[in-house]
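Hi,

Here is the structure I promised to pass on. Have a look at it first, and my notes follow underneath.

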Amino acid sequence: MDSTIERKLATGLLPRHHPVKSWAGFGTGESCDGCDQPILATEVEYEVDFAESLTLRFHVTCEQIWRALITQIAQPATSEGA
Ligand SMILES: [Zn+2]
């Protein structure tokens with residue numbers, strides 16, 4: 001799963017910057033934006049909101065992997081501002 005998230009980051013399918021908001025809830029059976037597997041109602045889902053009105057959902061573990069990766073490749077914020 002790790003490599004899927006890495007590949008998505010490399011190809012720009014996943015944002016490389018931190019979200020403005022994130023919260024946890026239970027899954028609804030929709031696909032995880034990290035590993036593409038469904039997040040079941042019995043699993044915790046992490047929803048993350050970005051400034052550009054993009055919302056992604058992850059498994060808790062996928063969110064942790066993604067966040068660790070973007071922290072590693074952290075780049076200065078250039079797309080912020082009004
Ligand atoms: Zn996942």
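To talk about a core I need two terms: a residue counts as buried if 20 or more other C-beta atoms lie within 10 Å of its own, exposed if 12 or fewer, and partly exposed in between, with C-beta atoms placed from the backbone. A nonpolar core is then a set of buried Ala, Val, Leu, Ile, Met, Phe, Trp, Tyr and Cys residues joined through C-beta atoms within 7 Å.

Two housekeeping points. This is a predicted model, so local features need pLDDT of at least 70 and side-chain atom pairs count only at pLDDT 80 or more, while totals for chains, interfaces and linings use all residues. Residues are numbered from 1 along each chain as its sequence is written.

On to the core. The largest nonpolar one has 11 residues: I5, L14, C32, C35, I39, Y46, V48, F58, C62, I65 and W66. Two elements, β2 (44-50) and α2, each give two or more residues to this core, and α2 has the largest share, with three. (Helices, H or I with at least four residues, and strands, E with at least two, are DSSP runs numbered from the N terminus.)

Helix α2 covers residues 60-72, 13 in total, and spans 19 Å from first C-alpha to last. That is close to the expected 18 Å, which is 1.5 Å times one less than the number of residues. Which residues of α2 are buried? They are C62, E63, I65 and W66. These sit on the same side of α2 because they cover an arc of only 165° around the axis, taking the directions from the helix axis to the C-beta atoms. A68, T71 and Q72, on the other side of α2, are exposed.

Now the strands, where pairing means that DSSP finds at least two bridges between two strands. β2 pairs antiparallel with β1 (residues 21-26) over six bridges, and A24 has Y46 in β2 as its bridge partner. β2 also pairs with β3 (residues 54-59), again antiparallel over six bridges; here E47 stands opposite R57. Three residues separate β2 and β3 in their hairpin, and S53 in the turn has a positive phi of about 45°.

One last residue: W23, in β1, is exposed, because just 9 other C-beta atoms lie within 10 Å. W23 is 22 residues from E45 in sequence, and their C-alpha atoms are 8.4 Å apart in space.

Cheers
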